[in-house]
Amino acid sequence: VIDEAKGIGTLQVIFSGGEPLWHEDIVELVAHAHDVGLLTRVSTNGLLLTRQRVARLKQAGLTQCGVSIDDRDPAVHDRLRGLPGTFARAMEGVRNLREFGIFCKILVYASRRNVTAGLERIIEMGRELGVTSVYILLPIAAGRWDGAYHEALDDEEMARVRALQDAKFVHMELPNAEAQCCAYSKAVLYVCAGGEVTPCPYVPYAL
């Protein structure tokens with residue numbers, strides 16, 4: 001699949017999940033993607049970013065790693081993740097990425113719970129940690145949130161989130177009302193765990 005993606009002009013492969021670091025061959029897959037000339041990224045909850053694994057990912061040629069953080073308060077993050085100690089382990093993973101010189105971004109979902117003070121605290125934390133950027137994802141009524149339209153931000157909330165943008169550090173999905181989604185602009189292909197190919201993770205129609 002990686003070779004076919006390269007053959008049609010793909011520039012980057014993102015290993016996502018679920019949790020991609022559970023995959024027993026993830027280091028070999030990153031290495032192969034790097035060897036054929038692709039930029040590589042892993043999006044992870046950070047729990048498995050041990051120093052040893054990060055060292056192997058660095059050797060394999062990993063370009064960037066996104067680590068999901070739900071809240072700057074460790075207790076809140078752990079409660080939302082459903083497992084004590086997840087915040088501390090994610091922070092350790094971020095520090096390991098920084099040590100080995102892998103570009104690290106923090107991934108955070110905007111929600112009515114954290115707009116905007118909670119997001120601002122995570123952005124501040126990202127600057128303190130020295131990560132490359134903070135990427136704000138938006139609640140979309142698809143996947144496990146299928147039909148959850150009550151989770152979507154209203155226009156005022158979206159405007160407040162967009163006001164946090166910083167071209168150098170804070171990025172987000174659909175940065176303004178005129179932004180084209182990746183499926184419409186044909187910028188992304190998503191390969192599901194079962195092998196189906198869809199226009200993006202939010203569009204459940206196989207091509």
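**Exercise 1. Helix 5**

Determine how the reach of helix 5 compares with the expected value, and identify which of its residues are buried and what covers them.

*Solution.* Step 1. In this predicted model, helix 5 spans residues 86-99 and has 14 residues. From its first C-alpha to its last it reaches 20 Å, which is close to the 20 Å expected at 1.5 Å a residue.

Step 2. The buried residues of helix 5 are Thr-86, Phe-87, Ala-90, Met-91, Gly-93, Val-94, Asn-96 and Leu-97.

Step 3. Their cover includes three helices, namely helix 3, helix 4 (74-81) and helix 6 (117-129), together with strand 3 (64-68) and strand 4 (103-109).

Step 4. Just after helix 5, Gly-101 adopts a positive phi of about 75 degrees.

**Exercise 2. Asn-96**

Classify Asn-96 as buried or exposed, and list the residues that Asn-96 touches beyond four places in sequence.

*Solution.* Step 1. Asn-96 lies in helix 5.

Step 2. The relative accessible area of Asn-96 is 8%. The cut-off for a buried residue is under 20%, so Asn-96 is buried.

Step 3. With residues up to four places away in sequence not counted, Asn-96 touches Leu-49, Thr-50, Arg-51 and Val-54.

**Exercise 3. The packing of helix 2 and helix 3**

Describe how helix 2 and helix 3 are arranged, and break down the residues of their contact by character.

*Solution.* Step 1. Two packed helices are described by the angle between their axes and the distance between the axes. For helix 2 (residues 26-35) and helix 3 (residues 51-60), the angle is about 20 degrees and the axes are 8 Å apart.

Step 2. Angles under 35 degrees count as roughly parallel; helix 2 and helix 3 are therefore roughly parallel to each other.

Step 3. The crossing of the two helices is right-handed.

Step 4. Helix 2 contributes Val-27, Glu-28, Val-30, Ala-31 and His-34 to the contact, while helix 3 contributes Arg-56, Leu-57 and Ala-60.

Step 5. By character, these contact residues comprise five nonpolar, one polar and two charged.

**Exercise 4. Lys-58**

Establish the accessibility of Lys-58, its contacts beyond four places in sequence, and its separation from Val-134.

*Solution.* Step 1. Lys-58 is located in helix 3.

Step 2. Its relative accessible area is 40%. Partly exposed residues fall between the cut-offs of 20% and 50%, so Lys-58 is partly exposed.

Step 3. Apart from neighbours within four places in sequence, Lys-58 is in contact with Phe-100, Gly-101 and Ile-102. Of these, Gly-101 is the residue with the positive phi in Exercise 1.

Step 4. Lys-58 and Val-134 are separated by 76 residues in sequence and by 21 Å in space, C-alpha to C-alpha.

Conventions:
Residues are numbered from 1 along each chain as its sequence is written. This is a predicted model: local features need pLDDT of at least 70, side-chain atom pairs count only at pLDDT 80 or more; totals for chains, interfaces and linings use all residues. Side-chain values use heavy atoms; hydrogens and water are left out. Axes are lines fitted to C-alpha atoms, for helices over the stretch in contact, and angles run from 0 to 180 degrees between N-to-C directions. Helices (H or I, at least four residues) and strands (E, at least two) are DSSP runs, numbered from the N terminus. Angles under 35 degrees count as roughly parallel, over 145 as roughly antiparallel, 65 to 115 as roughly perpendicular and the rest as oblique. A crossing is left-handed if the near helix is turned anticlockwise from the far one by less than a right angle, and right-handed if clockwise. Contact means heavy atoms within 4.5 Å. Ala, Val, Leu, Ile, Met, Phe, Trp, Tyr, Cys and Pro count as nonpolar, Asp, Glu, Lys and Arg as charged, and the others, Gly among them, as polar. The expected span of a helix is 1.5 Å times one less than its number of residues. Buried means under 20% relative accessible area, exposed over 50%, partly exposed in between (1.4 Å probe, protein chains only).
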